[in-house]
Amino acid sequence: MSYPDHDITAKFDFPAEELKVIQFWRDIDAFQTSIKLREGCPEFSFYDGPPFATGRPHYGHLLAGTVKDIVTRHASMSGFHVERRFGWDTHGLPVEHEIDKKLGIKSKDDVMAMGIDKYNAECRAIVMRYSEDWRATVERIGRWIDFDNDYKTLNLSYMESVWWVFSQLFQKNLVYRGLRVMPYSTGCTTPLSNFEAGLAYKDIQDPSVTIGFPLVDDQKTMLLAWTTTPWTLPSNLGLCVHPDFEYIKIHDPARDLNFILQKDLLNAVYSAKELKKPPFKVIATYKGSDLKGWRYVPLFEYFTEKYEDKAFKVLVDKYVTKESGTGIVHQAPAFGEDDHRVALAHGVIRHDDMPPCPLDDIGRFTNEVPDFAGMYFKDADKEIIKTLKNNGRLIAHSTFQHSYPFCWRSDTPLIYRAIPAWFVRVTDSRSELMAANKATRWVPQSVGDNRFGNWLENAKDWNISRNRYWGTPLPLWVSDDFEEIICVGSVEELEKLSGVQGIKDIHRESIDGITIPSQKGKGVLRRVTEVFDCWFESGSMPFAQEHYPFENEERFKKAWPADFVSEGIDQTRGWFYTMLVVSTLLYGKAPWKNLIVTGLVLAQDGKKMSKSLRNYPDPNAIIDQYGADATRIFLVNSPIVRAENLRFREEGVKEVVARVLLPWVNSFRFFLGQVALLEKDTGIKFKYNPHAPLSANIMDRWVLARCQSLIKLVREEMAAYRLYTVIPRLLLLIDEVTNWYIRFNRARLKGENGPEDTVSALNTLFETIFTLCKTMSSFTPFLTESLYQTLRKFLPSSQKDERSVHFLDFPTVREEYFNPDIERQVKRMQTIIELTRTVREKHQPSLKIPLKELIVFHPETSFFGDVKPLQGYLESELNVREIVFTTDEERTCVKYKATADWPTLGKKLRKDIGKVKAALPNLSSEDVKEYERTGEVKVDGIPLEKGDLVVTRYVDLPEDGSFASNTDNDVVVLVDIRTYPELEAEGLAREFINRVQRLRKEAGLQATDNVDVFYSFEDGSGLDILAAIVKHAETITKAIRCAPADVKTRPADAVVLIDRRQEIGETGFHLSLTRK
């Protein structure tokens, strides 16, 4: 299928052109073809982190997809076979939460009443709800990945591999069941892992209460404890103090009570104003250890009968701090990890004993606490505080703002509660995890070393079980007393052990009823009710996507560990972590070699993107308006690929089109125009010659050397996975091509030096644009494909499949193009041009008026040896009649002055610095010049050496205003800024040419379109312009390819293409173009 011809006259519509490219890729099955073309090549493996299809793709997904696409495309062009499979996370809380909202499900009882089979059927029905949106968006952004051969975590093959992974960990004695205080979501009615608990913190206000606990032996004396969770107080079993802290007993006469608290934390009871004149008296001091065992009167009677002999006393532990509160911590062992640990250590509870936990699955108080039964735990705070106040236990009450964890899925506040759960031992393997991580490359490395490294250093055992329904069931069959446990590692094993044959699905509804006969005389074993944390499933992805070890063993071994993975920085506690844990515990090795971590895409105001706030533009609308390439470049050319956050700006995408893509297209179109002109004028059909001898033209060799620099940089930076360094270099090369090479060689490319030189220049320009396309095809896959489809018509025939730019090999560096002498020459020419341009812009109203003289000073003659061969370019670009190169300082009024970094020099000279500062301005130009040569000088008798002073070259011009100067402290330019009538006339001729060229562009004419030009001036006006047209007729005719004439001579039947009013200075006139 051929690609539509490029219409050089039409406006280049980037989004529309991208749609053409997509259709072309579909027609030739470009992605699959690119993979087949690399069969037999070395493998480059890539793991794709699975998203949920229950939501539509957002900017974060576009970013991740772009990064993944760039790296894998580049690997393919670099000679690797790169399979790319899309994956779907289909289980777990994100799916269940959607169904709970849809069906109004609040608790486990609701699910049981409905039936797990029906509940899971509802979940299954929505897991791929937005899969077509994903496919469309991923294709539209230009990402090549296989959707047809995707993996889904709900597939039997995937789930069976998850069972195998778990069984391996079980066999290594890395799995255990324990009662732990864990993060718990009342919104999703399940415990979460520690890393999930860290995914969504919010700043909230909680009640801050100081409560009095009267001593059994002296009820006028109260131990004071502080808490921001009053709802835990009905479950109180103890008070904890630090054994080494100093506590005081005070008498408060206003309340006629004694209080005991840590001596530095009186602000928990009294205001700062009250503490200036303390309303109390210290009557005793204690060490925390002295308080151990003191008994107090319980706040509530709900659990006194069961725990009276073991609880309601003072415990000691060093986890207590004196940063806030009272230095006495209330203990509710069911709702705090330290509380639980301390209660166990002091014999308040046993390991197998569930401490008081009077909340149901959705966080409502049960009948164990009748006064608050049915209340949601947060709603009960007010009622509990009111009860304590009425009972005289509330000593102080205020509000406290702090950061608090919320459920990442249901957006409800998390609680910590004791729950029996299944764990994978991670803490004992911290050193192995850190070693495995250190053997990998992170970009940026600091995230892997610090943020991720610190997380690994404190890694806790992983709760991998969820009390839910839609997920991979834990393959554990247990006896009623949990003394016999069988871990099943495959469907075949389950069939063998249970006697049930033909198992086709292993979701809960299919296997919960399957039992296994006990091998120890304990009747039958039943499966535990829990399912896997969906993060365990995604962490098993390297194995499960291949159904390893049941099949694809060789494929797995070739691909593991992956050469590359990439996701957002939030996955340091998500997918990156779980993958590392699973792979390291199984095989002692990280599952990736190279990892790019990206930052977060924020709204323009720096806030999180929010659908409800509508604080960001629709990503599809952005792509439809500006194109995917512009969006890709904007995202990649930002701090976000260095794991920093990016504020998304629509204006930024628009700027990419204007600054990067349009100049690139214009260069390409200029090339096509000159190729057409060459054929029209000479009959020569241009064909690219990749083996053309090195051009003798310095600018040709310079721009080709710059191309090699880009190739080299992209190769090096992509090998190091530093995507963020590439786009700036692309911008530079586009600027060099458009504003230096094409601008300086326009006459050559138009044929003014003969066809041989024109072909040589076109060959150089073709190779430059072609190199840009091949080098940048991974970053801008659409534009490079569009341009390539026209460029390939100029390529020599080939036996290879070269239908797409993405089928080509990444270019190799042509070392013979490098020439440091030429790069230095052009750099020096550019310096002279930029210095002179600055002077012209400041002192001359029109750059079209030629300069009479430019004097260039440099102390070294070798400098002029570099720039004299480029004098023609200097004269043309700067529009100057005469250039004088000189080393004569006197002629150019060049002088020298010295300054100093006074703070630095002051440290060296100390008391003499004042003398030097006063005398330095009197140092003569000759003295400074001699200092520059020798590195020695005396200032007011104080010797200074090399490095003490900074020498600056300047021009001391006469005050007649005839010359202006500029310098970069190396080369000096002097520009004759006086006006000369003969030069002004030439300037008018140039202005006239400029107006004709503008009119041609407005009319949509190409270089090959010949027209006649007619002008008309009002009587008596424009005489100077008319004189310039006559005087410089040859120059004008050569430039516009015809002789302009008075409109009065225009034939009556002439076809007028365009007629517009023009202005040069204050003179108005009309120009018209007619078809020849």
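1. A good place to start is the salt bridge between aspartate 681 and arginine 1041, whose closest N and O atoms are 3.0 Å apart. Please keep in mind as you look that this is a predicted model. Across the interface of domain 2 and domain 4, 2 salt bridges are found. The interface also has 1 residue pair in polar contact, with both residues at pLDDT 80 or more. On the side of domain 2 that touches domain 4, the residues divide into 2 nonpolar, 2 polar and 3 charged.

2. To find your way around, use the domain assignment: domain 1 covers 201-405, domain 2 covers 649-796, domain 3 covers 826-976 and domain 4 covers 981-1075. Between the C-alpha centres of domain 2 and domain 4 the distance is 32 Å. Their contact takes 7 residues from domain 2 and 6 residues from domain 4.

3. How much area do domain 2 and domain 4 bury between them? The value is about 540 Å², and 52% of it is on carbon and sulfur atoms. On the domain 2 side, have a look at Leu677, Lys680 and Glu752: they supply 67% of the area that this domain buries against domain 4, more than any other three residues. As background, the size of an interface is often given as the accessible area lost when the parts come together.

4. Aromatic rings are worth a tour of their own, with 67 aromatic pairs found in a search of the whole structure. One of them joins phenylalanine 686 and phenylalanine 766, with 6.2 Å from centre to centre and 50 degrees between the planes, a tilted arrangement. This pair links distant parts of the chain, 80 residues apart. Phenylalanine 686 sits in the loop between helix H24 (650-682) and helix H25 (698-719), while phenylalanine 766 belongs to helix H28 (residues 755-776).

5. Turning to charge pairs in general, side chains of opposite charge can pair when their charged atoms come close. The whole structure holds 68 salt bridges by the search. Among them is the one between arginine 135 and aspartate 148, at 3.1 Å from N to O. Arginine 135 is in helix H7 (residues 131-140) and aspartate 148 in strand E2 (residues 146-152), so you can trace this link between distant parts of the chain, 13 residues apart.

6. Finally, some backbone details. Most residues other than glycine have a negative phi, and most peptide bonds are trans. Which bond joins tyrosine 548 and proline 549? It is a cis peptide bond, with omega about 5 degrees, and proline 549 is found in the loop between helix H19 (541-544) and helix H20 (553-559). Another cis bond runs from tryptophan 560 to proline 561, with omega near -5 degrees. Proline 561 lies in the loop between H20 and strand E23 (565-568).

7. One more backbone point concerns aspartate 256, which is not a glycine yet has a positive phi of about 55 degrees. You will find aspartate 256 in the loop between strand E8 (246-252) and strand E9 (257-262).

Methods: Residues numbered from 1 in each chain as written. Predicted model: local features only at pLDDT ≥ 70, side-chain atom pairs only at ≥ 80, totals over all residues. Heavy atoms only, no water. Domains from an automatic or database assignment. Contact = heavy atoms within 4.5 Å. Buried area = accessible area lost by both parts, 1.4 Å probe. Salt bridge = Lys/Arg side-chain N within 4 Å of Asp/Glu carboxyl O. Polar contact = N/O pair within 3.5 Å; in protein donor to acceptor, adjacent residues only side chain to side chain. Nonpolar A, V, L, I, M, F, W, Y, C, P; charged D, E, K, R; others polar. Phe/Tyr/Trp six-rings, centres within 6.5 Å; stacked < 30°, edge-to-face > 60°. Helix = DSSP H or I, 4+ residues; strand = E, 2+ residues; numbered from the N terminus.
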